Amino acid sequence: MPSYTLRQLEYLVAVADAGSISAAAGALHVTPTAVASAITELERTLHTQLMVRRKAHGVVLTPTGTFLYNRATTLLRDADELQLATASGGAELVGPLVLGCYATLAPTIVPTLMRWVAEQHPSVDLTVVTGSQAELPHRLLAGSLDLAVGYDMGLPAGLDSVVLYEAPPYVLLPENHPAASAESVSLADLAAEPMILLNFPPAQEHTLMLYADAGVTPTIVQRTTDFELTRSLVAHGFGYTILIQRPASPTTYDGMPLAVREISPSVRPAVVRMMWPHDVRLTDRARALVDFAQANGHLLDPRTRQTRTAVNQT
């Protein structure tokens, strides 16, 4: 049996995360002496120095300390999972699960996932946070999220993912726009008209990439960072826009009608993915949600919302 304890490993991880023994002690609600003593005993047991303690400047992990920190983080996580699973005898999924979702996708994706968790795994404590496409992957890598849903655009290295569904971009026009009578619209035909650009990553990069691929330049007259404001400005005749996320209703918050038209010739679709850090083993709770979302991407795709039925599968 190992002569070190999980408590010692917990204190090591806390000190590394907090940057000092005193800060770690405050987070753990113990005395700095208790933390320092635990680290000293751990170093004695393992016959190695794990950190350099610098007076008034916190601590720095040694290479061996960094190695142990990475392994201890996984070990402590597995120990927590063992305790949660044992409490139910392995009969049900229990414990916290933190899901991040790109803000404009959340209204159509999150409720379905929340309902499935509530109905099939009521002992799972699901927390949902929304954010930008740039923010969520980094929160995953930092360990503050278990899973995240977003577009397959501008993702950093170090993530694994599964495809949920593809989302073709579309043109949004005022209802009385001349092009609204056609089934589809080309980007070249719209290039000279006033455009409202959703200036919210990754929407703007994706839209401008579509125009670059088509070899034309849009006439941007307004930039917004709000999805619904963009739709409202279009409905009130200030221009057209290109969007990816598709609300079920072709009307704005204030009841103004809109025309949704496909882009011709067809352009590359955006891909919606559920992702997690590559070097983190998913908990049973997270794996269950990944499996459900991957198998039921059609329930999350707003283009098929009209045929959606109550989720009753495990």
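These points describe the nonpolar cores and the two largest pockets of a predicted model.

1. The largest nonpolar core of the model is made up of 42 residues, and those with the most contacts inside this core are L105, L113, L147, V149, L164, M274 and L289. Apart from this core lies another, of 20 residues, which includes L12, A25, A38 and A72.

2. To take one residue of the largest core, L105 touches V149, G150, Y151, Y165, Q245 and V272, when residues up to four places away in sequence are not counted.

3. The largest pocket holds about 870 Å³ of space, and 30 residues line this pocket, of which T73, R77, A142, G143 and V280 are the closest to its centre. By class, the lining has 15 nonpolar, 6 polar and 9 charged residues.

4. Two or more residues of that lining come from each of α1 (6-18), α4 (63-87), β3 (95-102) and α6 (135-142), with α4 giving the largest share, 11 residues. Because domain 1 (6-85) and domain 2 (92-166 + 271-312) both give residues to the lining, the largest pocket lies between these domains.

5. The second largest pocket has a volume of about 220 Å³, and among its 13 lining residues the closest to the centre are P107, F227, E228, P247 and Y253. The lining divides into 5 nonpolar, 5 polar and 3 charged residues.

6. For the second largest pocket, α5 (106-120) and α9 (227-235) each supply at least two lining residues, and α9 gives the most, with 3 residues. At the level of domains, at least three lining residues are drawn from each of domain 2 (92-166 + 271-312) and domain 3 (169-268).

Conventions. Residues are numbered from 1 along each chain as its sequence is written. This is a predicted model: local features need pLDDT of at least 70, side-chain atom pairs count only at pLDDT 80 or more; totals for chains, interfaces and linings use all residues. Side-chain values use heavy atoms; hydrogens and water are left out. A nonpolar core is a set of buried Ala, Val, Leu, Ile, Met, Phe, Trp, Tyr and Cys residues joined through side-chain atoms within 4.5 Å. Buried means under 20% relative accessible area, exposed over 50%, partly exposed in between (1.4 Å probe, protein chains only). Contact means heavy atoms within 4.5 Å. On a 1 Å grid over the protein atoms alone, a cavity is a set of points where a 1.4 Å probe fits but cannot get out, and a pocket is an open set with protein on both sides within 12 Å along at least five of seven lines; lining residues have an atom within 4 Å of a point. Grid points are joined across faces, edges and corners, and a volume is the space filled by probe spheres set on the points. Helices (H or I, at least four residues) and strands (E, at least two) are DSSP runs, numbered from the N terminus. Ala, Val, Leu, Ile, Met, Phe, Trp, Tyr, Cys and Pro count as nonpolar, Asp, Glu, Lys and Arg as charged, and the others, Gly among them, as polar. Domain bounds come from an automatic or database domain assignment.
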